[in-house]
Amino acid sequence: MTQAIEKYVEESRKVLDGLLQDLAESLSLDKNAFLQHFEPEQSEIKVRVNYYPPCPRPDLAIGLMPHSDASGLTLLLEFGATGGLQVHKGSDWVTLKWPNDNTLLVNIGDLLEIMSNGVLKSMWHQVRTQLDVERFSLAYFYNPPPRSAIGPVVRGGSLEEITYKKVVVEDYVSNFYKISPTTSKEAIMYARP
Ligand SMILES: O=C(O)CCC(=O)C(=O)O
Ligand SMILES: [Fe+2]
């Protein structure tokens, strides 16, 4: 089990590093503009297994409260069953359909929203419980080193208006958990000038 998780962490990291490069390029930034903050030896990876047991009253019990992730990127895998994960779109909660157990879902986290100066938005999401349905998910949180400072990555004037300021990753994360749960993306206000 430990070996399988270690292998998963290692392989997933390559996928996420590639995605960080693609995202930077899609914003006309240097391809390593985000990735350079995720130092291989010190960047932080946390893996959490979520278990949602069947629930006789899904109308009364939530699986995971609405939140954004205090991460750079989050890689999600679900197994056992589909359904449950909802994203907030407009004023509605939309249930995500996972095509199959081999599908990976990538979430933008608050730290990447800050680094992209708000161009990439972290997702507000929640997990509903389901009647007679047992579900597991694996959430992989990929962060820059806890003691590093991150802020908007500005290159060649492509991101002109600075909306966010520099924050130390571990300070951001500790404030995030101190004020959670919140009813909106309040934690990210910590990174507003
Ligand atoms: O269970 C899921 O699909 C999502 C889990 C999640 O949002 C989290 O662990 O932060
Ligand atoms: Fe999440």
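Is serine 28 buried or exposed? Serine 28 is exposed, because its relative accessible area is 61%, and exposed means over 50%. Keep in mind that this is a predicted model, so each value here is computed from it. You'll find serine 28 in the loop between α1 and β1. Its backbone has a quirk too: phi is near 60 degrees, a positive value in a residue other than glycine.

Stay in that loop for a moment and look for glutamine 42, which sits between α1 (2-26) and β1 (44-52). Glutamine 42 counts as partly exposed because its relative accessibility is 48%. Setting aside neighbours within four places in sequence, glutamine 42 is in contact with Pro145 and Pro146. If you'd like a sense of distance, try glycine 72: the C-alpha atoms of glutamine 42 and glycine 72 are separated by 14 Å, with their positions 30 residues apart along the chain.

Now to the metal. Which residues coordinate the iron ion (ligand 2)? They are His67, through NE2, Asp69, through OD, and His125, again through NE2, at 2.1 to 2.3 Å. Along the chain, these donors follow the spacing H-x1-D-x55-H. Histidine 67 and aspartate 69 are both buried.

Two of those iron-binding residues, His67 and His125, also lead us to ligand 1. An N or O atom in the side chain of histidine 67 is 3.1 Å from an oxygen atom of ligand 1. For histidine 125, a polar side-chain atom lies 3.0 Å from a ligand 1 oxygen. Serine 137 joins in as well, with a side-chain N or O atom 2.6 Å from an oxygen of ligand 1. Taken alone, ligand 1 exposes 290 Å², and the protein buries 100% of that. How many residues surround ligand 1? There are 14, and the closest are Arg48, Asn50, Tyr52, Arg135 and Ser137.

One of those closest residues, Arg135, takes us on to glutamate 78, since the side chains of glutamate 78 and arginine 135 make a polar contact of 2.6 Å. Glutamate 78 lies in strand β3 (residues 73-79). Its side chain has another polar contact, of 2.9 Å, with the side chain of threonine 82. With a relative accessible area of 2%, glutamate 78 is buried. Leaving out neighbours within four places in sequence, the residues in contact with glutamate 78 are Gly83, Trp98, Asp101, Arg135, Phe136 and Ser137. Ser137, then, turns up both beside glutamate 78 and among the residues closest to ligand 1.

Next, follow the strands. Strand β4 (residues 85-89) pairs with strand β7 (residues 125-128) in the antiparallel sense, over three bridges. What stands opposite histidine 125 of β7? It's valine 87, so to speak the way back to the iron, which His125 coordinates. Strand β4 also runs antiparallel to strand β5 (residues 92-95), and four bridges join the two. Lysine 89 has aspartate 92 as its bridge partner in β5. The hairpin of β4 and β5 has two residues between the strands, and there glycine 90 takes a positive phi near 65 degrees.

Within strand β5, have a look at valine 94. Valine 94 counts as partly exposed because its relative accessibility is 33%. Not counting residues up to four places away in sequence, valine 94 touches Leu85, Gln86, Val87 and Lys89. Glutamine 126 is 32 residues from valine 94 in sequence, and their C-alpha atoms are 9.9 Å apart in space.

Two backbone details round off the tour. In the loop between β7 and β8 (135-143) you'll find aspartate 132. Aspartate 132 has a positive phi of about 55 degrees although it is not a glycine. At 69% relative accessibility, aspartate 132 counts as exposed. Finally, where is proline 181? Proline 181 is in the segment after α3 (169-179), and the peptide bond leading to it from serine 180 is cis, with omega near 0 degrees.

Note on methods:
Residues numbered from 1 in each chain as written. Chains lettered and ligands numbered in written order. Predicted model: local features only at pLDDT ≥ 70, side-chain atom pairs only at ≥ 80, totals over all residues. Heavy atoms only, no water. Donors = N, O, S within 2.8 Å, 3.2 Å for Na, K, Ca; no water. Buried < 20%, exposed > 50% of the residue type's maximum accessible area, 1.4 Å probe, protein only. Pairing = 2+ DSSP bridges. Near = heavy atom within 4 Å. Polar contact = N/O pair within 3.5 Å; in protein donor to acceptor, adjacent residues only side chain to side chain. Areas by Shrake-Rupley, 256 points an atom, 1.4 Å probe, with all protein chains shown as cover. Contact = heavy atoms within 4.5 Å.
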